[in-house]
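The following exercises ask the reader to work from a sequence and a set of atoms to a description of fold, core and pocket. Each task is followed by a solution in steps.

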Amino acid sequence: RRTTTCQGPHAVFSYGSNGLEQLRARCRNAAIEARPAVMEDAVRVFAGSSKRWGGGGVASIIPCPGQNVHGNVALLSDE
């Protein structure tokens with residue numbers, strides 16, 4: 001499903017359990033490649049709950065000066 005009007009490729013930052021393997025599964029493309037990346041001035045938090053995860057917290061990223069979130073960046077096409 002297209003969620004933007006801009007032409008790709010689109011940079012996608014993945015982190016934690018939403019890492020590269022999950023991105024490959026969601027896109028049904030085992031060939032997706034990514035590079036290590038750091039999102040500066042941000043922190044990962046667990047807010048809300050998910051029935052899907054047995055009521056566990058859902059990860060999100062919020063601004064937080066001086067902190068960093070480590071993950072990966074993949075470039076995805078519109079295809």
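Four exercises on this predicted model follow.

**Exercise 1. Determine the secondary structure content of the protein and the order of its elements.**

Solution. Begin with the count: the protein has one helix and three strands. Next, read along the sequence, which gives the pattern β-α-β-β. Finally, turn to the contacts between residues with a separation of 6 or more: 66% of them join residues 24 or more positions apart.

**Exercise 2. Identify the residues of the largest nonpolar core and the elements that supply two or more of them.**

Solution. The core has five residues in all, namely L20, L23, I32, A74 and L76. Two elements, α1 and β3 (56-76), each give two or more residues to this core. Then examine one member, L23: leaving aside residues up to four places away in sequence, L23 touches V12, I32, A74 and L76. For the protein as a whole, 18% of the 79 residues count as buried.

**Exercise 3. Characterise the second largest pocket by volume, lining and composition.**

Solution.
1. The volume of the second largest pocket is about 160 Å³.
2. Its lining consists of V12, F13, S14, Y15, N18, G19, Q22, L23, R26, C27 and L76.
3. Assign these residues to elements: β1 (10-14) and α1 (20-27) each supply at least two, and α1 gives the most, with four residues.
4. Sort the lining by type, which yields six nonpolar residues, four polar and one charged.
5. Compare with the core: L23 and L76 belong to the pocket lining and also to the largest nonpolar core.

**Exercise 4. Classify C27, C64 and G8 as buried, partly exposed or exposed, and describe the surroundings of G8.**

Solution. The classification needs two cut-offs: buried means under 20% relative accessible area and exposed means over 50%, with partly exposed in between. C27 has a relative accessibility of 37%, so C27 is partly exposed. C64 has a relative accessible area of 25% and is therefore partly exposed. The structure holds zero disulfides. G8, at 31%, is likewise partly exposed.

To place G8, note that this residue lies in the segment before β1. Although G8 and L75 are 67 residues apart in sequence, their C-alpha atoms are 8.2 Å apart in space. When residues up to four places away in sequence are not counted, G8 touches L76 and D78. L76 is thus a contact of G8, and L76 is also touched by L23.

How values were computed. Residues numbered from 1 in each chain as written. Predicted model: local features only at pLDDT ≥ 70, side-chain atom pairs only at ≥ 80, totals over all residues. Heavy atoms only, no water. 1 Å grid on protein atoms, 1.4 Å probe; cavity = no way out; pocket = protein on both sides within 12 Å on 5 of 7 lines; lining within 4 Å. Points joined across faces, edges and corners; volume = space filled by probe spheres on them. Nonpolar A, V, L, I, M, F, W, Y, C, P; charged D, E, K, R; others polar. Core = buried A, V, L, I, M, F, W, Y, C linked by side-chain atoms within 4.5 Å. Buried < 20%, exposed > 50% of the residue type's maximum accessible area, 1.4 Å probe, protein only. Contact = heavy atoms within 4.5 Å. Disulfide = S-S within 2.5 Å.
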